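The following exercises concern strand pairing and the burial of residues. Each task is followed by a solution in steps.

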Amino acid sequence: MKQALIVVALMLLAMQLPDLLALRFASVDYDPAVAGPVTLYATRWCGYCAKTRTLLNKHNIPFTEYDVEQSSDAAQQMMTMSAYGVPVIVVGDTVIKGYRPNAILAALDSE
């Protein structure tokens with residue numbers, strides 16, 4: 001039983017490894033003229049929203065954040081994108097639903 005738990009834990013870690021490496025070693029050449037402005041739809045209590053803020057700040061990416069619990073306009077904008085959970089990251093015309101570091105970094109990379 002103990003060995004099975006260790007194997008499952010290692011499999012889960014292996015599944016997260018690409019995202020962990022992307023966070024640690026990724027280099028982003030962000031140019032708002034090419035990639036477009038960055039908007040984050042989030043809440044204050046959401047852990048994945050906090051991770052998204054950390055990712056953007058780590059790469060010195062300027063972004064506009066809307067708290068969908070405080071702004072009904074922001075919540076409505078999010079619904080027009082068929083997004084019903086947070087975080088939602090918009091880079092130019094690209095909408096990324098959920099905390100997906102590789103997708104976020106790819107959208108930000110203007111090379």
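**Exercise 1.** Which residue in β2 does A42 stand opposite?

*Solution.* The model under study is predicted.
Step 1. Identify the partner: A42 stands opposite D67 in β2.
Step 2. Consider the strands as a whole: β1 and β2 run parallel and are joined by 4 bridges.
Step 3. Follow the chain from β1 to β2: the path leads through helix α3, residues 47-58, and this β-α-β crossover is right-handed.

**Exercise 2.** Determine how β1 pairs with β3, and name the bridge partner of T39 there.

*Solution.*
Step 1. The sense of the pairing between β1 and β3 is antiparallel, with 4 bridges.
Step 2. The partner of T39 in β3 is V90.

**Exercise 3.** Describe the two sides of β1.

*Solution.*
Step 1. One way from the strand point V38, L40 and A42, and the other way point T39 and Y41.
Step 2. Buried means under 20% relative accessible area. In β1, 5 of 5 residues are buried.

**Exercise 4.** Why do the buried residues of α4 line one face of the helix?

*Solution.*
Step 1. List the residues: in α4 (residues 72-80), A74, A75 and M78 are buried.
Step 2. Look down the axis of α4: its buried residues fall within an arc of 100°, and therefore they line one face.
Step 3. Recall the general rule: an α-helix has 3.6 residues a turn, so residues three or four places apart point the same way.
Step 4. Examine the other side of α4: S72, D73 and T80 are exposed there.
Step 5. Find the cover: the buried residues of α4 are covered by elements including β1, β2 and β3.
Step 6. Continue past the helix: S82, which follows α4, has a positive phi, near 55°.

Notes: Residues numbered from 1 in each chain as written. Predicted model: local features only at pLDDT ≥ 70, side-chain atom pairs only at ≥ 80, totals over all residues. Heavy atoms only, no water. Buried < 20%, exposed > 50% of the residue type's maximum accessible area, 1.4 Å probe, protein only. Arc of directions from axis to C-beta. Contact = heavy atoms within 4.5 Å. Pairing = 2+ DSSP bridges. Right-handed = clockwise from strand over helix to strand, strands pointing away.
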